[in-house]
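Thanks for coming. I will go through one structure today, starting inside one chain and then moving to the contact between two chains. Please have a look at it first.

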Amino acid sequence: MKRYALVALVLATASVVAGCYPTTLRLPESYVRLEDAGSDYTDRVVSADGVTIGLRRRQAAQDGSLAFWAKAIRNQLTGGKGYSVKEESDIKSTDGEVGRRMDFTSSVKGNPFAYAVAVWVHAGQVIVAEAGGPTQAFAADAEEIGQSLSAVKVRG
Amino acid sequence: MVLALLPVVLAAGCAQTAAMGRYNAVAQGPTQRVRAKAAAGAAVDQASPPMPTATGLVTTASRAAAATAGNGLGPAIGPEAAASARKLIRDAALVIGVNNQAEAIREAQSVASGFGGYTQEAVRNRVILRVPAARFDEAVTRLGKLGIVSDRKIEARDVTDAYADLALRLQAKRATVERLKALLERGQKMEELLKIEKELERLTEEIERLEAAQRLMGSRVAMSTISVEFIELVRAAQITWRPELPFPWLHSLGLDVLVD
């Protein structure tokens, strides 16, 4: 009985703690928030030109560092999906956590697309924010996208 | 006998003409006589081109229509000639996916010069080309063959009326300048002279501005502008072995899920 009570307490605490972590994105001007972000995201916002920004949080392997996850993501996108790395830089979340931002070029049905992913690691969680859309529309919203990615809150 | 009578006949004809002239002057009402006097005496009422008025704006459209009807506004011309007198500014903006941006830019510049045009600007992955208006369609088609066109915008603006208005305004202002110069030469009071000179200076500046606007418009009509942005295409990745990490969520990263 005591054991079950302890397990229940741990689960309850975990869910409370998880619920305390921010799960939403800063909404850029001229974007709307999707009511249903989908099963992969905690939040997704989209512009009328088809540029989408999404946020997700995942439990990570305890020893996984930022370098590990950044490389894992880069390998997945370049090797698995054929994306080309355009540039890479450090990015700071709004609460001061240093992460990694990677920008890629790709195409969807023959149309040039831009894709950016920012990743942070904190307290055993991997926080990933993605932004993608047609290259021209993405470039037009570059500043807004950058602000949205930098506005991610990593710590609880 | 006939030769003797000839001068008499001629003299009689001249007298009759003079008499007719006097008759005409008498037959005109007082207002018409004043106008005739003003036209004869002053430099104000010179024959001037039709000026735009609130009630009867002289537009090229109406002028062209009138011209085809031949109602006296100009020599009668056919409808085809009237249509070809239209002034169009044609612009195009293309976004083209290519394998090599630098090479594509060089080719685009070569296309422009091949059509008798030139490169107005070349910055990073974008070029702005000017080509003769007559070769615009050919140039756009040729540039489209440099890669995969993902966006194309073609605009044509009819500036025939605007150009004609500019010409009319210039003509009117130049005529006013001539009239003011004539007044200057007459010798007026110092105060009047200063006013006329100031007005002349203002009109000269306006004429220069209008001439510049006319030149710019003419240039844009004669040479169309084509802006091309080149985007490098991503080559399909070769299938190679890659590590499959036991984190399924990694596979859900990317555009296909994000923009779904």
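Start in chain B, with what lies over the buried residues of helix α6(B): the cover includes β1 (88–98), α5 (101–114), β3 (126–132), β4 (148–158) and β5 (223–232) of chain B. Keep in mind that this is a predicted model.

Which residues of α6, residues 136–144 of chain B, are buried? They are Phe136(B), Ala139(B), Val140(B), Leu143(B) and Gly144(B). These residues lie on the same side of α6(B), because they cover an arc of only 130° around the axis. As background, an α-helix has 3.6 residues a turn, so residues three or four places apart point the same way.

Now the contact between the chains. Chain A brings 40 residues to it and chain B brings 24 residues. Together, chain A and chain B bury about 2600 Å², with 66% of that on carbon and sulfur atoms. On the chain A side, Gln76(A), Lys81(A) and Gln136(A) supply 19% of the area that chain A buries against chain B, more than any other three residues.

Lys81(A) comes up again. How many salt bridges does the rule find across the interface of chain A and chain B? It finds one. The side chains of Lys81(A) and Asp256(B) meet in a salt bridge, at 2.9 Å from N to O. The interface also has nine residue pairs in polar contact, counting pairs with both residues at pLDDT 80 or more.

Several elements of chain A supply at least two residues each to the side that touches chain B, among them β3 (52–59) and α3 (135–140). α2(A) gives the most, with ten residues. By class, that side of chain A has 17 nonpolar, 17 polar and six charged residues.

Technical notes
Residues are numbered from 1 along each chain as its sequence is written. Chains are lettered from A and ligands numbered from 1 in the order in which they are written. This is a predicted model: local features need pLDDT of at least 70, side-chain atom pairs count only at pLDDT 80 or more; totals for chains, interfaces and linings use all residues. Side-chain values use heavy atoms; hydrogens and water are left out. Contact means heavy atoms within 4.5 Å. Buried area is the accessible area (1.4 Å probe) that two parts lose on being put together, summed over both. A salt bridge is a side-chain nitrogen of Lys or Arg within 4 Å of a carboxyl oxygen of Asp or Glu. A polar contact is a pair of N or O atoms within 3.5 Å; within protein, one must be able to donate a hydrogen and the other to accept it, and residues adjacent in sequence count only if both atoms are side-chain atoms. Helices (H or I, at least four residues) and strands (E, at least two) are DSSP runs, numbered from the N terminus. Ala, Val, Leu, Ile, Met, Phe, Trp, Tyr, Cys and Pro count as nonpolar, Asp, Glu, Lys and Arg as charged, and the others, Gly among them, as polar. Buried means under 20% relative accessible area, exposed over 50%, partly exposed in between (1.4 Å probe, protein chains only). The arc is that of the directions from the helix axis to the C-beta atoms.
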